[in-house]
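Could you take me on a guided tour of this structure? I have it open in a viewer and would like to know what to select next and what is there.

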Amino acid sequence: MNKATIFLANGFEEIEALTVVDLCRRAGIEITMAAVTKEMTIGEILRVKPEVAPVLLEMGMHCLGCPSARGESLAQACAVHGVDVEELVEKLRAHFANK
């Protein structure tokens, strides 16, 4: 079975997202829906899309493999590293939207 992840942007229209999901599922494609929030852990983000690691590294998150990265939220990690969480979330969302 083919698989795909649909990334939901802030303010998405439910009917637009669910129409795409429905069509894909009817075609036999297994769909995962995802969105990036500051409450997510780095581990969750990396599990959904490991290709986002360079964006995290660019923003100063250099301990992607450490145990804390798997358990703390983006907001907590940003506070520890002195990174603006809203800026990071926007960069991640842009990365998901363009890839």
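Start with the whole chain in cartoon view: the protein has 6 helices and 2 strands. Keep in mind that you are looking at a predicted model. If you follow the chain from the N terminus, the elements come in the order β-α-β-α-α-α-α-α. Turn the view around and you can take in the overall extent: the C-alpha trace spans about 45 × 30 × 20 Å along its principal axes.

Next, show the surface. Of the 99 residues, 36% count as buried. Contacts also link distant parts of the sequence: among those between residues at least 6 apart, 68% join residues at least 24 apart.

**Stop 1: two helices side by side**

Select helix α5, residues 74-81, together with helix α6, residues 85-98. Two packed helices are described by the angle between their axes and the distance between the axes. Here the angle is about 125° and the axes lie 9 Å apart. The two helices are therefore oblique to each other, and α5 passes α6 in a right-handed crossing. Show side chains where they touch: L74, A75 and C78 come from α5, while V85, L88, V89 and L92 come from α6. What kinds of residue make up this contact of α5 with α6? They divide into 7 nonpolar, no polar and no charged.

**Stop 2: L88**

Stay in α6 and pick L88. Its relative accessibility is 0%, so L88 counts as buried. Setting aside residues up to four places away in sequence, L88 touches L56, M59, M61, L74, C78 and V83. Now add K38 to the selection: K38 and L88 are 50 residues apart along the chain, yet their C-alpha atoms are separated by 8.7 Å.

**Stop 3: H95**

Move along to H95, also in helix α6. Is H95 buried or exposed? H95 is buried, because its relative accessible area is 14%, which is under the 20% cut-off. Leaving out neighbours within four places in sequence, H95 is in contact with K49, E51, V52 and V55.

**Stop 4: the cysteines**

Finish with C24 and C78. C24 has a relative accessible area of 19% and so is buried. C78, one of the residues that L88 touches, is buried too, at 1% relative accessibility. A disulfide is a covalent bond between the sulfur atoms of two cysteines. How many disulfides does the model have? The count comes to 0.

Notes. Residues are numbered from 1 along each chain as its sequence is written. This is a predicted model: local features need pLDDT of at least 70, side-chain atom pairs count only at pLDDT 80 or more; totals for chains, interfaces and linings use all residues. Side-chain values use heavy atoms; hydrogens and water are left out. Helices (H or I, at least four residues) and strands (E, at least two) are DSSP runs, numbered from the N terminus. Buried means under 20% relative accessible area, exposed over 50%, partly exposed in between (1.4 Å probe, protein chains only). Contact means heavy atoms within 4.5 Å. A disulfide is a pair of cysteine sulfur atoms within 2.5 Å. Axes are lines fitted to C-alpha atoms, for helices over the stretch in contact, and angles run from 0 to 180 degrees between N-to-C directions. Angles under 35 degrees count as roughly parallel, over 145 as roughly antiparallel, 65 to 115 as roughly perpendicular and the rest as oblique. A crossing is left-handed if the near helix is turned anticlockwise from the far one by less than a right angle, and right-handed if clockwise. Ala, Val, Leu, Ile, Met, Phe, Trp, Tyr, Cys and Pro count as nonpolar, Asp, Glu, Lys and Arg as charged, and the others, Gly among them, as polar.
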